[in-house]
Amino acid sequence: MTAGYLLLVLVILVDKALPTTTMDSRSTTTPTHRMVYHASKRMPRYKSLLNCVAYLCYVTVLVSIRRILGRKKGNFLHDLPWLSEIGVRYLRYSINNTVKGAREIESAIAKVSNLTTKEKSVHLQGDGFHGHWIGEDNADQPLLLYFHGGAYSFCSSLTYLETLGQLRRLAGVRIFSLEYGLAPATKFPGQLNEALAATRFLLKNRKPGQTLFVMGDSAGGNLVLALLQRLDDAERKQIAGAILIAPWVDLSRPALTAQNAVYDYFDQDQIGPHVEDFIPAGVSPTDPLISPVYADLKGFCPLLVYYGAREVLAGDIERFIERARETTGLDVEVFRDPVAPHVAVMLPQFFPTISAAGLDSFASFVKRKAV
């Protein structure tokens, strides 16, 4: 009993010390208004690794107590599993950070997550690109070129090493994960040029009969679609398929389902600064290479589009899917998870069930299209 009271006191003290906007204070009712980019709004205050570790402990205790007490009022995440609710709340807090802080937290999470993995990675420095091979060289296996997400501002080629390892084993592929330059140091079209160089290297150096797939999450999905536009017809025909994980398809306007921020771990205002950092002055955000929802998709390889119904970008992704399905001759498959937040499939630490189902669908797609 004493331990219980001490635990409750700890929760109250930490609750007083931490910002009150990180739990359910975003909204008590689902907002109906359209949110807009705030061009003058910058990233919030810096949060250190220690801040985020403390918050993770705090939110674990608080979510546990709420669930024990059956508290659901004002909690839009109550139908998620316990671990997944903790994941959304923790990511919401840690990502609402400066670019420097977000990069530090992402790097630390990746290191901890990858500590127990048996996956080995080998660095490759190519002409105009570099990244990491994941998996052994096997001429009988297809190749998969992967582009990580992170709003073009953070994450790395090894952020999801363990998850990519799971996909490698399920799909029977060898993966090359591209380490592209991050904004604001590298702006459009720098990342696209690196992706082109990596793709052409793999096409040129693959073993006879080896198929090549491309895959990306969020900004990485954006990069996949830009790549498919830049490849010439002969090169595009050599891509067996593309997997788009919650792709960022429209950088020109506020997300259509910005109200989903009550379910997701980022909100509309956090997107704007990253758009500004990525797009150079004088370049239109409606350029199809930047916002592929406006692209001509004729001649594209088969697509698998994966997204969560509750994520902030869901409405934009659905606009892209509609456009793709209207394109004559384009093979489009869709996996819509009813409760997944943004790119949850790549985060099995917090979303194991969601991740397992998504990875199985990716592996099935690869096996069917590699034939």
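**Figure 1. The low-confidence start of the predicted chain, residues 1-40.** In this predicted model, pLDDT stays under 50 over residues 1-40. For that stretch, the model has 66 contacts beyond four places in sequence. Across the chain, the mean pLDDT is 88. Of the chain's residues, 88% reach 70 or more.

**Figure 2. The second largest pocket and its lining.** This pocket has a volume of about 230 Å³. Two helices, α2 (49-69) and α4 (99-114), each supply at least two residues of the lining. Leu-49, Cys-52, Val-53 and Leu-56 are among the lining residues. So are Ala-108, Ile-109, Val-112 and Ser-113. The lining also includes Tyr-90, Leu-347, Gln-349 and Phe-350. By class, the lining residues divide into ten nonpolar and two polar. No charged residue is in the lining.

**Figure 3. Helix α2 from end to end.** The helix has 21 residues. From its first C-alpha to its last, α2 reaches 30 Å, close to the 30 Å expected at 1.5 Å a residue. Its buried residues are Cys-52, Tyr-55, Tyr-58, Val-59, Leu-62, Val-63 and Ser-64. Cys-52 also lines the second largest pocket. Just after the helix comes Gly-70, with a positive phi of about 70°.

**Figure 4. Ser-94 and its contacts.** Ser-94 sits in helix α3 (residues 82-95). Is Ser-94 buried or exposed? Its relative accessibility is 2%, so Ser-94 counts as buried; the cut-off for buried is under 20%. Leaving out residues up to four places away in sequence, Ser-94 touches Cys-52 and Ile-105. Cys-52 is itself a buried residue of α2. The C-alpha atoms of Ser-94 and Leu-49 are separated by 8.7 Å. Along the chain, these two residues are 45 residues apart. Leu-49 belongs to the lining of the second largest pocket.

**Figure 5. Two positive-phi residues in the loop between β3 and α5.** Tyr-152 lies in the loop between β3 (143-147) and α5. Its phi is positive, about 60°, although Tyr-152 is not a glycine. Tyr-152 has 1% relative accessibility and therefore counts as buried. Cys-155 lies in the loop between β3 and α5 as well. Phi of Cys-155 is near 75°, again a positive value in a residue other than glycine. At 10% relative accessibility, Cys-155 counts as buried too.

**Figure 6. Helix α5 and the glycine after it.** Helix α5 covers residues 161-171. Which of its residues are buried? They are Leu-161, Thr-163, Leu-164, Gly-165, Leu-167, Arg-168 and Ala-171. The buried set thus includes the charged residue Arg-168. Just after α5, Gly-172 takes a positive phi of about 70°. Gly-70, just after α2, also takes a positive phi of about 70°.

**Figure 7. Two cis peptide bonds in the loop between β4 and α6.** One cis bond joins Ala-183 and Pro-184. Its omega is about 5°. Pro-184 lies in the loop between β4 (174-178) and α6 (190-205). The peptide bond from Phe-188 to Pro-189 is also cis. Here omega is near 5°. Where is Pro-189? Pro-189, like Pro-184, lies in the loop between β4 and α6.

Conventions:
Residues are numbered from 1 along each chain as its sequence is written. This is a predicted model: local features need pLDDT of at least 70, side-chain atom pairs count only at pLDDT 80 or more; totals for chains, interfaces and linings use all residues. Side-chain values use heavy atoms; hydrogens and water are left out. pLDDT is the predictor's confidence in each residue, from 0 to 100. Contact means heavy atoms within 4.5 Å. On a 1 Å grid over the protein atoms alone, a cavity is a set of points where a 1.4 Å probe fits but cannot get out, and a pocket is an open set with protein on both sides within 12 Å along at least five of seven lines; lining residues have an atom within 4 Å of a point. Grid points are joined across faces, edges and corners, and a volume is the space filled by probe spheres set on the points. Helices (H or I, at least four residues) and strands (E, at least two) are DSSP runs, numbered from the N terminus. The expected span of a helix is 1.5 Å times one less than its number of residues. Buried means under 20% relative accessible area, exposed over 50%, partly exposed in between (1.4 Å probe, protein chains only).
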